[in-house]
Amino acid sequence: MAIKNYAKSIVYGGMDGIVTTFAVVAGAVGGNLGVESILILGFSNLLADGFSMAAGDYLSSTTEESNIKDKSIKNALATFASFIIFGLIPLLSYIFMGVSTVFKAHTFLLACLFVSFALFLLGLVKGLITGENKAKEIFRTLFIGLVAALFAYYVGEVLGHIAGTI
């Protein structure tokens, strides 16, 4: 079992894990929701969306005649694992808020830094697995992920104004 055989599932799951979980965090911060809400929404997204992504990968893999059931299950597991591992990163600074005053004082900034680093790593992994230009893959992954996060933050801020939380 070569990891290259699961590159699509790993990159897809990892990218979606980082981006959607951080979008939930950024939207909640933009909407001025509390830490408890951020953690509840973040973990709900992490687990439910991770399962959904894995199920979608499995179902789409089984539609291809060349894929056997065993490979489809492995694709789904790769997607789920990658989603959970990478998707947990945006929540780390919120999980560790009680550990250090640095985490408490700069929670969202640290989440942004962790996410940027994770996107960097995911772009690097993508470049290594596929043999593509690593710098190009890192830039592309960072750019797409950060644009999505910025969009989510401002949507959260607008909705926070509408809801009266800001």
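Here is a short walk through a predicted model, one selection at a time.

**Stop one: helix H1.** Start by selecting residues 7-30, which make up helix H1. Its end C-alpha atoms sit 33 Å apart, which agrees with the 34 Å that 24 residues should span at 1.5 Å a residue. Now bring back everything around it: 18 of the 24 residues of H1 are buried, so the helix is largely enclosed by the rest of the structure. Just after H1, click on asparagine 32, which takes a positive phi of about 65 degrees.

**Stop two: helix H3.** Next, select residues 69-88. This helix has 20 residues and reaches 28 Å from its first C-alpha to its last, close to the 28 Å expected. Color Ser72, Asn75, Ala76, Ala78, Thr79, Ser82, Phe83, Phe86 and Gly87, the buried residues of H3. Then look down the helix axis: these buried residues fall within an arc of 160 degrees, so they line one face of H3. Why might such a pattern arise? An α-helix has 3.6 residues a turn, so residues three or four places apart point the same way.

What covers that buried side? Show helix H1 (7-30), helix H2 (35-63) and helix H6 (107-130), which are among the elements covering the buried residues of H3. Swing around to the other side of H3, and you'll find Lys69, Leu77 and Ile85 exposed.

**Stop three: helix H7.** Finally, select residues 134-163, helix H7, and pick out valine 155 within it. At 34% relative accessibility, valine 155 counts as partly exposed, because that category lies between the 20% and 50% cut-offs. Add Phe151, Val158, Leu159 and Ile162: with Val155 they form a nonpolar surface patch, with about 520 Å² of accessible area together.

How values were computed
Residues numbered from 1 in each chain as written. Predicted model: local features only at pLDDT ≥ 70, side-chain atom pairs only at ≥ 80, totals over all residues. Heavy atoms only, no water. Helix = DSSP H or I, 4+ residues; strand = E, 2+ residues; numbered from the N terminus. Expected span 1.5 Å × (residues − 1). Buried < 20%, exposed > 50% of the residue type's maximum accessible area, 1.4 Å probe, protein only. Arc of directions from axis to C-beta. Contact = heavy atoms within 4.5 Å. Patch = residues over 30% accessible without salt bridge, like charges linked within 9 Å, V, L, I, M, F, W, Y side chains within 5 Å. Areas by Shrake-Rupley, 256 points an atom, 1.4 Å probe, with all protein chains shown as cover. Salt bridge = Lys/Arg side-chain N within 4 Å of Asp/Glu carboxyl O.
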